[in-house]
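Hi everyone, thanks for coming along. Let's look at a structure together, and please stop me whenever something is unclear.

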Amino acid sequence: MNTSEPDSSFPFVREFILLDFSCEWKIQILLFSLFLTTYALTITGNGSIVCVLWCDQRLHIPMYIFLGNFSFLEIWYVSSTVPKMLVNFLSDKKTISFVGCFFQFYFFFSLGTTECLLLATMAFDRYLAICHPLHYPNIMTGHLCTKLVIICWVCGFLWFLIPIILISQMPFCGPNIIDHVVCDPGPLFALACVSAPKTQLLCYTLSSLVIFGNFLFILGSYTLVLLAVLRMPSANGRRKAFSTCGSHLAVVSLFYGSLMVMYVSPGLGHSAGMQKVATLFYAMVTPLFNPLIYSLRNKEIKAALRKILGSFNTI
């Protein structure tokens with residue numbers, strides 16, 4: 001697998017081997033079927049939400065614009081890793097090119113960062129709507145909503161750009177086997193010919209900042225929301241507010257829990273199996289359940305979905 005450049009003191013790795021789940025052929029076929037079904041359901045669920053929010057003009061308000069972007073993001077987030085996993089289940093070589101590995105690394109981490117930022121923005125939106133309902137229409141205008149969405153996407157794709165470029169410039173002299181389901185910084189640092197403590201520190205510092213910074217912001221926002229909800233005189237109003245906040249907090253818990261285990265505690269020495277399970281949890285499980293937890297429980301979205309499906313039935 002490894003070839004050497006004539007003027008280089010290190011062998012140059014042209015491709016990596018992603019082991020994924022190395023097991024018997026029958027089990028690999030079973031996992032392929034399970035992952036393919038999960039991927040199809042994730043694309044269908046999130047795609048349905050994007051279509052509904054796009055088609056129904058009544059839902060073109062900040063809350064649903066954030067939701068639409070979130071669902072759109074989940075489609076690309078799961079697509080950055082799962083198709084390659086599916087190919088590897090049916091392949092004996094399980095290889096990924098050097099360039100392909102770092103492209104996957106970049107898009108997976110950039111989309112994950114964008115998701116962190118969008119979740120924080122959605123928490124801010126709910127804070128304004130519940131804690132400052134009279135000022136909400138004047139503050140969360142369409143212009144501000146658009147700016148926040150653009151900031152989330154741009155910052156998400158710039159956040160890890162420098163660390164990924166630095167890691168890609170490191171010499172990899174083999175072995176070229178990544179015992180993981182995705183190209184991840186931990187295994188890549190382990191395969192490098194030379195140690196790069198500064199690059200490693202930068203990578204984990206940026207991970208900690210984006211994860212803990214947004215998580216603490218969300219926690220603070222919902223603490224203020226909870227205090228405001230408890231002061232509401234109407235039981236129906238409290239129930240509606242708790243329903244919206246509960247869905248968002250469920251998504252936050254699923255996503256951030258596994259992220260913190262993987263990228264904020266590199267010194268704990270997680271086993272390869274635990275790393276794979278944790279990665280699958282936030283890369284596949286949360287995108288699958290997000291439409292059910294967050295969006296499809298919403299009465300307005302369900303009504304819009306029924307309306308669109310009804311219009312198709314009448315054609």
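I'll go through a sheet, then the nonpolar core, and finish with one polar residue. Please keep in mind that this is a predicted model.

Let's start with the sheet. It is open and has 3 strands, in the order β4-β3-β5, with mixed pairing. At the edges you'll find β4, residues 95–97, and β5, residues 177–178, and each of them pairs on one side only. Helix α4, covering residues 98–131, packs on this sheet and touches β3, β4 and β5. The direction of α4 makes about 85° with that of β4.

Now, how do β3 and β5 run relative to each other, parallel or antiparallel? They run parallel, and 2 bridges join them, with β3 spanning residues 15–18. If you'd like a pair to find on screen, take Ile17, whose bridge partner in β5 is Ile177.

Next, the core. In general, nonpolar side chains tend to be buried together in soluble globular proteins. Here the largest nonpolar core has 87 residues, and those touching the most other members are Phe16, Phe102, Ile167, Phe172, Leu188 and Tyr256. Helix α4 gives the largest share of this core, 17 residues. Let's zoom in on Phe16: leaving aside neighbours within four places in sequence, its contacts include Ile96, Phe102, Phe172, Ile178 and Leu188.

Finally, here is our polar residue, Asn290, in helix α11, which covers residues 272–295. Is Asn290 buried or exposed? Its relative accessible area is 2%, which is under 20%, so Asn290 counts as buried. And which side chain does it meet there? The side chain of Asn290 makes a polar contact of 2.2 Å with that of Glu74.

Notes. Residues are numbered from 1 along each chain as its sequence is written. This is a predicted model: local features need pLDDT of at least 70, side-chain atom pairs count only at pLDDT 80 or more; totals for chains, interfaces and linings use all residues. Side-chain values use heavy atoms; hydrogens and water are left out. Two strands pair if DSSP finds at least two bridges between them. Helices (H or I, at least four residues) and strands (E, at least two) are DSSP runs, numbered from the N terminus. Contact means heavy atoms within 4.5 Å. Axes are lines fitted to C-alpha atoms, for helices over the stretch in contact, and angles run from 0 to 180 degrees between N-to-C directions. Buried means under 20% relative accessible area, exposed over 50%, partly exposed in between (1.4 Å probe, protein chains only). A polar contact is a pair of N or O atoms within 3.5 Å; within protein, one must be able to donate a hydrogen and the other to accept it, and residues adjacent in sequence count only if both atoms are side-chain atoms. A nonpolar core is a set of buried Ala, Val, Leu, Ile, Met, Phe, Trp, Tyr and Cys residues joined through side-chain atoms within 4.5 Å.
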